[in-house]
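Me: I would like a close look at a single part of this model, set in the context of the rest.

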Amino acid sequence: MAVYKKTYRPYGGGLTPAWRRFLVIPRYAFEDLHRSRFLTIFYIASFLFPLVCALIIYVQHNASALGLFGAQNANRLISINVVFFLTVLGWQSMLALFLASFVGPGQISPDLANNALSLYLARPFSRAEYVLGKMTVLVVLLSCMTWVPGLLLFGLEGYLEGWQWMADHWRFAYGIFVGAWIWILVLSLLALALSAWVKWKPAAGALMFGVFFVAGGFGATIDGVQRTNWGNLLNISYLIGSVWKHLFEGSNPTTNGAVFFRAPLGEELPLGWSWVTLAGLCGVCLYLLARKIRATEVVR
Amino acid sequence: MSYREVMSPIVELDGLEVRFGSRSVLKQLRASLTGRAIGLLGPNGAGKSTLLNTLLGFHQPFSGTARVFGRDVRTHAAEVRSLIGFMPENDAFIAGMSGVRFVRLMAELAGLPPADALERAHEAFFYVGLGEVRYRALGTYSLGMKQMAKLAQAIAHGPKLLFLDEPTNGLDPPARTRMIQLIQEIRDRGDLHLILSSHLLRDVEECCDQVLILKDGNVAAFCNLEEERRMNRRFLEIETRGGMNGNFLEAMEKLGCETAAGAQGRIKVILPEDVQVRRLYEIAAREDVQIRRLNHKRDSLEDIFLKAMDSKTEGSANGRL
């Protein structure tokens, strides 16, 4: 209908399947994020480290390339092992924290600031779908930064080393995929919960770092004063690091976790506590979201 | 549109009770709303918005049921919401988003494919008179423009039932007139039903054919304005001069009229169905009485509302006047 016919008319066209309507939210969010020059540059820059790692893997397996630089024995300096992949995951996960601190706070707070939630939820669209849609924004962005490049590097190494290497080191791929997903889940829920409760975006972003670093520092203080390791339960980087160690190496770890996500040998807590604490953190975030994501505020 | 479609209930309330904590906000509401345009009237805090929010599934009924187009709002919430367009009372928008993009987003969430949603968003903006500002961020809109943008998002997906919660709030007289015109136009096209919640009697009177009046969470009155208007056509108020009013009254009563004489020649008359007004003039001429003024006295919505506010309502009353 032409716009000059300014009259109301009912809609008679088709409808999209209900199950995929939550994907409308990330589509709009990506359009908005794409407009931010800083974010685009940061996002592109976050792929530099995986690129360097890919180069290292390539050079490791290419003696002639090493010869060009006159460093035939350089392949002994860096080994493509569990530390290498944990380092990749650690670096990328730290960048993911920065990205989540930048993107996360702007997800829910603009909807809450002017009561737009009542309009979202007045449609055949549930609170769970709303949260899922918002979470998808972060999950997609953070996945592309963490497990996707991690698995590509694993695939490259496997391609150059041979299938046997892949079969022998399947745990690396498993650790990268599951470990990154755990981190993404924690980060996304934390970012959304803070976005829902803290309307001022810079404050919500700062709080993300606060939860990560300040709580960790507080835990370290408890450890130091009480001469215990239980303060690590407040340290998200420790919790994630200990879970990653288990995912990468099983029950006999040989490393101190990943860069930025250290769980030093000899300072371990029972692994179950790490899982329970992370699950508890996710539960608290979901509770906070459930309290805030409502169409109307009810004054009791 | 068939008679059955017109008369089948749009909203049915059957002992609906909604509580916030221990406080009962809606108390055992019973009503069957069938009108094309239904007004929800009541003083502030009467439960109008709570009723709309309950029909949208925002609040769970404590007891009783509410059905929209025959679907229970508790068990078929998503289905019910797919039929509804909602214009909330308070500001509701995303400040940084342009108007047309916001309406498009809302239409897509209602299930429209992106291309259709975009087309409808543009149309809706032109329809409400904001075509020229549709690319401006919603945060920069005036209050009146925000109200119109809320109406645009409520109608863009082509709902079957439109909830308008205080649509003229904060509008200046020209903007209010425009809003009322739009509502009347939407109503008269006959494609959808609408429920208009307001504490402004004039808005409801101008737009609605049925009124549910709430008071303290109870149904204080439920009336069909069209029927009331028809009935009230038989009520007359006459001002007379000269002659013997007593004879004139007697003659009218012989015709079957009910009369009540007031001061200074004023008489209230209820005409029987089969008596035409001209018969009164004939009698007046015969009795040498001048009829100086004759008004069809009708209960205005204000009268109905005031009666409802004065009456003691029972929790389970149908509240018919």
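What does chain B average in pLDDT, and what share of the residues score at least 70? Please start there, then look closely at helix H2 of chain B.

Reply: This is a predicted model. Chain B has an average pLDDT of 87, and 91% of the residues score at least 70. Two stretches of chain B fall below 50: residues 1–5, which have 2 contacts in the model beyond near neighbours in sequence, and residues 314–321, which have 22 contacts counted in that way. For the model as a whole, the scores are ipTM 0.88 and pTM 0.84.

Now to the helix. H2(B) covers residues 48–55, and 8 of its 8 residues are buried, so the helix is largely enclosed by the rest of the structure. Buried here means that 20 or more other C-beta atoms lie within 10 Å of a residue's own. The list of buried residues takes in Leu51(B), Leu52(B) and Leu55(B), and also Lys48(B), Ser49(B), Thr50(B), Asn53(B) and Thr54(B). Lys48(B) counts as charged and is nevertheless among the buried residues. After H2(B) comes Gly57(B), which has a positive phi, near 85°.

The domain assignment gives the setting. Chain B is split into domain 1, made of 3–229 + 304–310, and domain 2, made of 234–296. Taken over C-alpha atoms, the centres of these two domains of chain B are 45 Å apart.

Nonpolar packing comes next. The largest nonpolar core has 157 residues, and those touching the most other members are Ala100(A), Leu187(A), Val103(B), Ala152(B) and Leu196(B). Helix H11 of chain A, residues 170–197, gives the most to this core, with 15 residues. Leaving aside residues up to four places away in sequence, Leu187(A) touches Ala96(A), Leu97(A), Ala100(A), Leu138(A) and Leu142(A). There is also a second, separate core of 12 residues, which includes Met252(B), Cys257(B), Leu280(B) and Ala284(B).

Last, the contact between the chains. Here 32 residues of chain A are in contact with 42 residues of chain B. On the chain A side, the elements giving two or more residues are helix H1 (24–34), helix H6 (105–113) and helix H7 (117–121). H7(A) gives the most, with 4 residues. By class, this side of chain A has 19 nonpolar, 8 polar and 5 charged residues.

Notes. Residues numbered from 1 in each chain as written. Chains lettered and ligands numbered in written order. Predicted model: local features only at pLDDT ≥ 70, side-chain atom pairs only at ≥ 80, totals over all residues. Contact = placed C-beta atoms within 7 Å. pLDDT = per-residue confidence, 0-100. Domains from an automatic or database assignment. Core = buried A, V, L, I, M, F, W, Y, C linked by C-beta atoms within 7 Å.
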